Amino acid sequence: MYRIVTGDKAYSSWSLRGWLLLAAFDLPFEDMPVRMYDPAFEVLKAEKAPARTLPILEWEEDGTTKRVWDTMAIAETLHERHPGAGIWPDDPDHRAVARSVAAEMHSSFAALRGACPMNLHRAPAPLEAPPEGLDADVARIAALWSWAVAQTGGPWLGGAAFSAADVFYAPVAFRFQEYALSGPGTGAYIARLLEHSAVQQWIALAMADPRRLSLYDRE
Ligand SMILES: N[C@@H](CCC(=O)N[C@@H](CS)C(=O)NCC(=O)O)C(=O)O
């Protein structure tokens with residue numbers, strides 16, 4: 001049984017990734033939700049040091065608590081521990097595609113990430129003053145999605161089955177929807193991703209939480 005420490009579900013894009021890495025692959029877990037930016041959040045981070053961001057994956061083994069943070073480390077650790085779960089595609093060529101696009105998500109797209117934070121409460125609307133670089137990020141993401149689907153046969157980025165590559169882009173799909181962003185061919189993939197049953201579960205949890213964080217509001 002795993003434990004995943006997650007932040008506010010409407011806003012914490014990285015928590016969504018960590019949570020999906022368990023929920024979408026039928027791994028047993030309990031969610032430990034925390035309120036980001038409350039005093040208790042700082043206490044929790046001190047307790048979990050050197051981890052200092054969410055999500056944090058934990059489990060008990062050999063009488064100790066094992067702890068892994070950062071979503072790429074969580075993906076690789078869960079894949080190593082559950083090689084049959086389908087976190088990465090079985091086919092090595094498809095796995096290479098999936099890992100490449102997920103890693104690029106993890107390390108790139110600063111304009112999109114900075115200007116368009118995930119906010120499931122936002123009524124879809126474009127930014128009034130989009131920053132330089134946003135169009136280039138959107139175009140690059142659209143190109144990566146269509147390249148990955150062409151390489152693997154789709155309809156998911158890693159091929160026939162939902163994989164960690166799709167997990168990494170789930171918050172991007174929300175951002176495209178919330179800020180009315182699109183590129184060639186992005187609509188069908190976004191619709192598929194947002195209809196995934198685990199993503200739908202996350203949306204339901206987010207909508208059931210009354211807390212609002214104005215920090216994530218953008219004009
Ligand atoms: N690269 C990290 C990023 C994690 C991250 O920045 N998490 C945010 C929440 S979405 C966080 O914990 N922010 C609180 C803080 O930085 O104090 C990952 O993949 O997990």
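User: In this predicted model, which pocket is the space taken by the ligand?

Analyst: The model is predicted, not experimental. Among its pockets, the ligand takes up the space of one that ranks at the top by size. The answer is the largest pocket.

User: Which helices each supply at least two residues of the shell around the ligand?

Analyst: The shell includes Ser13 and Trp14, and also Phe41 and Lys45. Helix 1 spans 13-23 and helix 2 spans 39-48, and each gives at least two residues to the shell. The helices asked for are helix 1 and helix 2.

User: How do the residues of the shell around the ligand divide into nonpolar, polar and charged?

Analyst: Met36, Leu54 and Pro55 are among the residues around the ligand, as are Thr53, His106 and Asp70. By class, the shell divides into five nonpolar, five polar and two charged.

User: Which residue has a side-chain N or O atom 2.4 Å from an oxygen atom of the ligand?

Analyst: Oxygen atoms of the ligand have several polar partners. One lies 2.8 Å from a polar backbone atom of Leu54, and one lies 2.6 Å from a side-chain N or O atom of Thr71. The 2.4 Å distance belongs to the side chain of Lys45.

User: How much of the ligand's accessible area does the protein cover?

Analyst: On its own, the ligand has 510 Å² of accessible area. The part of this covered by the protein is 77%.

User: Which residue of the shell follows a cis peptide bond from Leu54?

Analyst: Leu54 and Pro55 both belong to the shell around the ligand. The bond that joins them is cis, with omega about 0°. The loop between helix 2 and strand 3 (56-61) holds the residue in question, Pro55.

User: What is the omega of the cis peptide bond that joins Gly154 and Pro155?

Analyst: Pro155 sits in the loop between helix 6 and helix 7. The cis bond joins Pro155 to Gly154, and its omega is about 5°.

User: Where is Asp70, whose phi is positive, found?

Analyst: Asp70 is one of the residues around the ligand. Its phi is near 80°, a positive value in a residue other than glycine. Asp70 is found in the loop between strand 4 (64-69) and helix 3 (71-81).

Notes:
Residues are numbered from 1 along each chain as its sequence is written. This is a predicted model: local features need pLDDT of at least 70, side-chain atom pairs count only at pLDDT 80 or more; totals for chains, interfaces and linings use all residues. Side-chain values use heavy atoms; hydrogens and water are left out. A residue is near a molecule or strand if one of its heavy atoms lies within 4 Å of it. A polar contact is a pair of N or O atoms within 3.5 Å; within protein, one must be able to donate a hydrogen and the other to accept it, and residues adjacent in sequence count only if both atoms are side-chain atoms. Accessible areas come from the Shrake-Rupley method with a 1.4 Å probe; for residues, only the protein chains shown count as cover. On a 1 Å grid over the protein atoms alone, a cavity is a set of points where a 1.4 Å probe fits but cannot get out, and a pocket is an open set with protein on both sides within 12 Å along at least five of seven lines; lining residues have an atom within 4 Å of a point. A molecule sits in a cavity or pocket if more than half of its atoms lie within 2 Å of its grid points. Helices (H or I, at least four residues) and strands (E, at least two) are DSSP runs, numbered from the N terminus. Ala, Val, Leu, Ile, Met, Phe, Trp, Tyr, Cys and Pro count as nonpolar, Asp, Glu, Lys and Arg as charged, and the others, Gly among them, as polar.
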